Amino acid sequence: YRGRFLGYDVVVKYRVSKPCRDVKLDLVVRRDRTLTEAKIMLLAMSLGVRVPTVLYVDLENSVIVMEYVEGMLLRDYIGLADEGVRRAYLELLGVYVGKLHKNDITHGDLTTSNVIVSSNGSLYMIDFGLAKISNDVEDKAVDIHLLMRSFESIHYSMSKELMTYFLRGYRSVL
């Protein structure tokens with residue numbers, strides 16, 4: 001939900017209860033996922049990866065309040081940008097993901113729909129709800145494969161170009 005918190009425009013992310021799960025298990029799962037997401041966002045920020053600033057976490061109610069980032073999804077922005085701008089953003093995304101992976105963080109849902117080009121031109125990664133700490137090379141490969149599939153399904157005419165730029169940035173970190 002979008003809202004206001006302490007004078008800031010925010011997104012309030014609330015993990016809803018799943019009626020199919022045991023009540024006690026559901027509380028544990030939602031609490032743990034909320035805590036993991038908030039911790040990973042803070043860790044990502046400390047690594048120089050732009051993410052919305054976490055302002056408040058309520059574990060008992062599975063709520064994260066974070067900065068609202070005004071802008072456009074990278075998914076929509078790619079088609080409007082010229083080649084030089086696309087290259088710069090995809091290389092930067094590669095650097096961001098490389099920093100995460102180098103520190104054993106996987107995003108879990110890496111697509112162009114989970115990246116925002118802010119109104120001031122900064123690139124933000126969002127939605128770390130499936131993120132985890134993992135040194136498993138397969139988990140990292142899944143991130144990259146999912147991004148590649150995102151390119152192929154949404155930006156098919158330039159998917160190879162986008163992947164080339166992304167990998168250039170990614171390799172520069174590792």
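Hi everyone. Let me start with a definition: two strands count as a pair if DSSP finds at least two bridges between them. Keep that in mind as we look at this structure, which is a predicted model.

With that in hand, let's go to the sheet. It is open and has three strands, in the order β5-β7-β8, and the pairing is antiparallel. The edge positions belong to β5, residues 71-73, and β8, residues 123-125. Each of these has a single partner strand, so one side of each is left without a neighbour in the sheet. On average, neighbouring strands here are turned by 30° against each other, direction ignored.

Now zoom in on β7, which covers residues 115-118, and its antiparallel pairing with β8, which runs over three bridges. If you want a spot to find on your screen, try isoleucine 116: its bridge partner in β8 is tyrosine 124. There is a helix to look at too. Helix α3, residues 83-102, packs on the sheet and touches β7 and β8. The direction of α3 makes about 40° with that of β8.

Let's move on to the largest pocket, which has a volume of about 160 Å³. Which residues line the largest pocket? They are Val11, Lys13, Pro52, Met66, Glu67, Tyr68, Val69, Ile116, Ile126 and Asp127. You'll recognise Ile116, the residue that bridges to tyrosine 124. Two strands, β2 (8-14) and β4 (63-67), each supply at least two residues of this lining. And how does the lining divide by residue type? Seven of the residues are nonpolar, three are charged, and none is polar.

Thanks for listening!

Notes. Residues numbered from 1 in each chain as written. Predicted model: local features only at pLDDT ≥ 70, side-chain atom pairs only at ≥ 80, totals over all residues. Heavy atoms only, no water. 1 Å grid on protein atoms, 1.4 Å probe; cavity = no way out; pocket = protein on both sides within 12 Å on 5 of 7 lines; lining within 4 Å. Points joined across faces, edges and corners; volume = space filled by probe spheres on them. Helix = DSSP H or I, 4+ residues; strand = E, 2+ residues; numbered from the N terminus. Nonpolar A, V, L, I, M, F, W, Y, C, P; charged D, E, K, R; others polar. Axes fitted to C-alpha atoms, helices over the stretch in contact; angles between N-to-C directions. Contact = heavy atoms within 4.5 Å.
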